[in-house]
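Biologist: Please take a close look at one part of this model, the place where a metal is held, and then relate that part to the strands and cores elsewhere in the chain.

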Amino acid sequence: MVGVAQQGATAQYGRGNRTPMPTPHGFLRVAPAILGLALATTPLPVLAQATVAGRVTVLERAGARTDDLENAVLWLEPLDAPRAAAPTATEIVMEARRFRPAVRVVPPGSQVRFANYDPFRHNVFSDAGPGRFDLGLYGRGQSRSANVDAAGVYPVFCNIHARMVAYLIAVPSRWFAQAGADGAYQIADVPAGRYRLHAWHDRGGEATREIAVAAGHLATDVQLDARGWRFVPHKNKYGQDYPPETRDRY
Ligand SMILES: [Cu+2]
C-alpha cells in the first residue's frame, strides 16, 4: 500500500539561514500497517478516513543527540485532488529572547501575530523565505502581525538578538502535524487517496515520499539526516553581521 520512496532533500534555504546539506537518505524505514475497516458489518456508506502516524528520527553525527524533534513538521500533499486549507490567525510569543513556539505550521494566506513579552524591544523580520516581512522595533505588551501568503519555509529572526530563530512553515494542505519531543506524530482524518508525505526539520532538511492512504491506520516512520548540517550565523536585516555586543548576550 505504500508507494515508492522519493528520496532526497528538497528544502529551500535562503541567505543567512542555518543550512543543512542535501541528504542522500530520505526515509529509511517504512512500516506499512493498514488495518482495514470492517465495512461489511454496516450497510451505511462509510467515508473512508485514516490516521497517518509514526515517529521521526534525525541522524546525527557521532556522539550528538537529537534534542529538537519537536521542530519536525509533517504534512500530506494530496495528489488526487488539491484541497487547500483555510487561512488562520495564530500567534508566536517572544519571551526571554526566544520565539515560542519556535516552529509553527500555517496554511498559506494566514496571519501570524508576534507578541513581545520581554521588557525590551524586538524587531521581527524574515528575508530568506518565499515572502519577506519586517515588523520594526516594538516593546513589551505590543504585538504586530505578518502575512504568510506563499507556501514554503519562512525563517524568522530578530534584528536585535542574533540567536532568536523561528520557522513558519506554510503548507498547502489541511493535513499536517508537528512531532512531539519523542518524535511521534499523528495526522488524523485523512481521506483515502494518494498523497506525498513531506517531513521537514530545521537541521534535517526535507524529505518526501508518496503514500497511498486507505481507511484505518497507516504507520510510517521517517528518518531525516542532519549529519551534514553546520551552524551558519545569519545576517541582520541590513545584510550585515550582528554587532558583537548583541551576539553573545545569552
Ligand atoms: Cu529580539
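Modeller: In sequence, the residues that donate to the copper ion follow the spacing H-x35-C-x2-H. The model is predicted, so that local features need pLDDT of at least 70 and side-chain atom pairs count only at pLDDT 80 or more, while totals for chains, interfaces and linings use all residues. Residues are numbered from 1 along each chain as its sequence is written, and side-chain values use heavy atoms, with hydrogens and water left out.

The protein donors of the copper ion are His 122 through ND1, Cys 158 through SG and His 161 through ND1, at 2.0 to 2.1 Å from the ion. Donors here are N, O and S atoms within 2.8 Å of the metal (3.2 Å for Na, K and Ca), and since water is not among the atoms, sites may look incomplete. Cys 158 counts as buried because its relative accessibility is 0%, and His 161 counts as buried because its relative accessibility is 4%; buried means under 20% relative accessible area, exposed over 50%, and partly exposed in between, with a 1.4 Å probe and protein chains only.

Turning to the strands, the protein has one helix and 18 strands, where helices (H or I, at least four residues) and strands (E, at least two) are DSSP runs numbered from the N terminus. Five strands form an open sheet in the order E6-E12-E11-E8-E9, with mixed pairing; two strands pair if DSSP finds at least two bridges between them. The edges of this sheet are strand E6 (103-106) and strand E9 (133-138), each of which pairs on one side only. E6 runs parallel to strand E12 (residues 165-170), to which four bridges join E6, and Arg 104 stands opposite Leu 168 in E12.

Parallel pairing also links strand E4 (residues 89-95) to strand E7 (residues 110-116), here over six bridges, with Ile 92 opposite Phe 114 in E7. E4 pairs with strand E5 (residues 98-100) as well, in the antiparallel sense and over three bridges, and Val 93 has Arg 100 in E5 as its bridge partner. Two residues lie between the strands in this hairpin of E4 and E5, where Ala 96 takes a positive phi near 55°.

As for the cores, the largest nonpolar core has 21 residues, and Val 52, Leu 76 and Ile 187 have the most contacts inside it; such a core is a set of buried Ala, Val, Leu, Ile, Met, Phe, Trp, Tyr and Cys residues joined through side-chain atoms within 4.5 Å. Among the elements that give two or more residues to this core are strand E2 (49-59), strand E3 (73-78) and strand E14 (184-191). Leaving aside residues up to four places away in sequence, Leu 76 touches nine partners by name: Val 52, Ser 173, Trp 175, Ile 187, Val 190, Tyr 195, Arg 196, Leu 197 and Ile 211. A second, separate core of 19 residues includes Ile 92, Val 112, Phe 133 and Leu 135.

Over the whole protein, 46% of the 250 residues count as buried. Of the contacts (heavy atoms within 4.5 Å) between residues at least 6 apart in sequence, 68% join residues at least 24 apart.
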